[in-house]
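Got your viewer open? Let's take a short walk through this one, a selection at a time.

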Amino acid sequence: MRFLCIVKATPESEKGTLPSEKLLSEMGKFNEEMARAGVMLAGEGLQPSSKGARINFKGNQRTVTDGPFSETKELIAGFWIWKCKDMAEAIAWVKRCPNPMPGEDSDLEIRPVFEMEDFGDAMPQELRDRENEILRGIAPDRTN
């Protein structure tokens, strides 16, 4: 199973405060451990919402709103994509993670990623084949 582990933003991360060298080192070790275990597929930090935009969809209309966005608790400061056998394993990895926001309360959220099998009969074989074709160009290791 794949999981998206979301690092929630904090007021400090939204200011654009960069992590300390100590935290970068601790996170680097954690990432290295996950990579060696075959768990970490991807992971990145995100710039503050002040450098982003939101696009609202209403029918065929698109409305763009530039950041920053006010509800820090709803924002994301970074993410990982992990491959774990189940939610329990993903939770076990999170419990080993250094606090991503030292000196602040912080949250990590884990969400399973939909796999093609999860769609059952709602996704005909033709669409599955097309999706696999697209993924082979983007992430060849996902289509084996």
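Start with Cys84: leaving aside its neighbours within four places in sequence, which residues is Cys84 in contact with? Select Met1, Phe3, Val39, Glu89, Ala90 and Trp93, and you have them. Keep in mind as you click around that this is a predicted model.

Next, widen the view to the largest nonpolar core, which has 21 residues. Cys84 is one of the members that touch the most others, along with Phe30, Met34, Trp80, Trp82 and Trp93. Now colour β1 (2–8), α2, β5 and α3 (87–96), since each of these supplies at least two residues of the core. The largest share, four residues, comes from α2.

Keep α2 highlighted and move to the largest pocket, which holds about 760 Å³ of space. Its lining has 29 residues; pick Pro19, Leu23, Ala77, Pro100 and Met101 to find those closest to the pocket's centre. Elements that give two or more residues to the lining are α1 (11–14), α2 (21–36), β2 (40–45) and β5 (76–83). Here too α2 gives the most, with five residues. Colour the lining by residue type and you should count 15 nonpolar, ten polar and four charged residues.

Last stop: the hairpin. Select residues 53–58 for strand β3 and 61–66 for strand β4; the two run antiparallel and are joined by six bridges. Zoom in on Arg54 and you'll see Thr65 of β4 standing opposite. Then follow the chain into the turn, where two residues lie between the strands and Gly59 has a positive phi of about 60°.

How values were computed. Residues are numbered from 1 along each chain as its sequence is written. This is a predicted model: local features need pLDDT of at least 70, side-chain atom pairs count only at pLDDT 80 or more; totals for chains, interfaces and linings use all residues. Side-chain values use heavy atoms; hydrogens and water are left out. Two strands pair if DSSP finds at least two bridges between them. On a 1 Å grid over the protein atoms alone, a cavity is a set of points where a 1.4 Å probe fits but cannot get out, and a pocket is an open set with protein on both sides within 12 Å along at least five of seven lines; lining residues have an atom within 4 Å of a point. Grid points are joined across faces, edges and corners, and a volume is the space filled by probe spheres set on the points. Ala, Val, Leu, Ile, Met, Phe, Trp, Tyr, Cys and Pro count as nonpolar, Asp, Glu, Lys and Arg as charged, and the others, Gly among them, as polar. A nonpolar core is a set of buried Ala, Val, Leu, Ile, Met, Phe, Trp, Tyr and Cys residues joined through side-chain atoms within 4.5 Å. Buried means under 20% relative accessible area, exposed over 50%, partly exposed in between (1.4 Å probe, protein chains only). Contact means heavy atoms within 4.5 Å.
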